[in-house]
Amino acid sequence: MHFDYCTTACNDFILLDQSTFYNILQHPDLTVTSEERVLNGILMWGLQPSELCNWEVVDNMLSTITPQDLFGKRLQSLNILLPLVRFSLFPLFLLKKMECSNLSMKIPSFHDLVKEAIGFLEVGLPTSGNNPKFQHRQSSFKELQYIRDGDSNGVVYYVGTSYGKHQWVNPVLAKKISITASNPISRYTDPKVLASRTYQGTSFAGPRIEDGKNCSWWMIDLGLDHQLMCNYYTLRQDGSKAFVRYWNFQGSSDAKNWTNLRVHENDQTISKPGQFASWAVTGPNALLPFRYFRVALVGPTTDDINPWTLCICFLELYGYFH
């Protein structure tokens, strides 16, 4: 029984009655990517939205509306369903954030559960016993979470180890993934460089015209049987000073129709040759699994001579990999 929802399934599970939904949430065979997904699912069930959202979206709604007005008749059911969330499995920093949220201030049961979980984590979780609130559920996804720039925790590195089975080999050379650019392969447009652990001083994707507009992009294909719900990504500037300022990080299931996962408008983060930089992917689209990802330049870089050349020499993705 799998509980990772997509847009097409959204309307299905919010129509469930309380008893059925309760039984699903406590079923021993329920598989999830993270406990945060369970919380999001319960809040979405209570809210009955027309599209995907997460707890932070709901929290923002509560800044201007009461829980009674937001959830209506399902507010009472939330008090029954929320204890099924295993809050003790959340990171402490996230619980601290929730502790100060509108959800915590306006829904007493949520506040009490968060406070209880913080107390458990600060004292230390029990090392024995069969209390479900301290036990991870099953998951069909591999959790690959960002720790620091250039770490070995990302998807590209994981695939290069044959999914955790062998020593690392560049996954492009091993044909585990494919990386393509907006211009043909050349000496300095080399797909294997972006998956490499070795710094490359000159690496770029050249410009092309798409839909009548200039663009440049690097795209990664995780393969036919693989998907990722991406929550973080890392780039590394090559040795040039052609720093990106306007670009989109996107996901796709068919490499034709693209969903923006993060839009960068005059982003000044990258300012040095060879610099690493990483960004979180948040919001409802972070819940969606994709096979293809790309970094697409949508505005000129800081280079006056070749402003539409995308100069990066490393790309790493993080999140829940299947």
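Is Asn266 buried, partly exposed or exposed? In this predicted model, Asn266 comes out as partly exposed, at 41% relative accessibility. The residue sits in the loop that links β7 (259–264) with β8 (276–280). Its backbone is a little unusual to look at: Asn266 is not a glycine, yet has a positive phi of about 50°.

Ser162 makes a handy companion to Asn266. Here too a residue that is not a glycine has a positive phi, this time of about 55°. Ser162 belongs to the loop between α10 (155–160) and β2 (178–181). Its relative accessible area is 16%, so Ser162 counts as buried, the cut-off for buried being under 20%.

Turning to the interior, the largest nonpolar core takes in 79 residues. The members that touch the most others are Leu39, Phe87, Met98, Tyr233 and Phe293. Helix α3 (residues 35–47) supplies the largest share of this core, with seven residues. Another core lies apart from it and is made of six residues, including Cys215, Trp217, Met219 and Trp258.

Met98 deserves a look of its own. Leaving aside residues up to four places away in sequence, Met98 touches Leu39, Trp55, Phe87, Phe90, Ser104, Phe110 and Val114. Two of the names in that list, Leu39 and Phe87, also appear with Met98 among the core members that touch the most others.

Met98 also takes part in a helix pairing, as one of the α7 residues that meet α9. The axes of α7 (residues 92–99) and α9 (residues 108–123) come within 10 Å and cross at roughly 150°. The two helices are therefore roughly antiparallel, since angles over 145 degrees fall in that class. The crossing of α7 past α9 is left-handed. On the α7 side, the contact involves Leu92, Leu95, Lys96, Met98 and Glu99. Facing them from α9 are Phe110, Val114, Lys115, Ala117, Ile118, Leu121 and Glu122. By type, the residues of this contact split into eight nonpolar and four charged, with no polar ones.

Helix α9 also holds Phe120. With a relative accessible area of 25%, Phe120 is partly exposed. Phe120 and Leu103 are 17 residues apart along the chain, and 20 Å separates their C-alpha atoms.

Definitions and conventions:
Residues are numbered from 1 along each chain as its sequence is written. This is a predicted model: local features need pLDDT of at least 70, side-chain atom pairs count only at pLDDT 80 or more; totals for chains, interfaces and linings use all residues. Side-chain values use heavy atoms; hydrogens and water are left out. A nonpolar core is a set of buried Ala, Val, Leu, Ile, Met, Phe, Trp, Tyr and Cys residues joined through side-chain atoms within 4.5 Å. Buried means under 20% relative accessible area, exposed over 50%, partly exposed in between (1.4 Å probe, protein chains only). Helices (H or I, at least four residues) and strands (E, at least two) are DSSP runs, numbered from the N terminus. Contact means heavy atoms within 4.5 Å. Axes are lines fitted to C-alpha atoms, for helices over the stretch in contact, and angles run from 0 to 180 degrees between N-to-C directions. Angles under 35 degrees count as roughly parallel, over 145 as roughly antiparallel, 65 to 115 as roughly perpendicular and the rest as oblique. A crossing is left-handed if the near helix is turned anticlockwise from the far one by less than a right angle, and right-handed if clockwise. Ala, Val, Leu, Ile, Met, Phe, Trp, Tyr, Cys and Pro count as nonpolar, Asp, Glu, Lys and Arg as charged, and the others, Gly among them, as polar.
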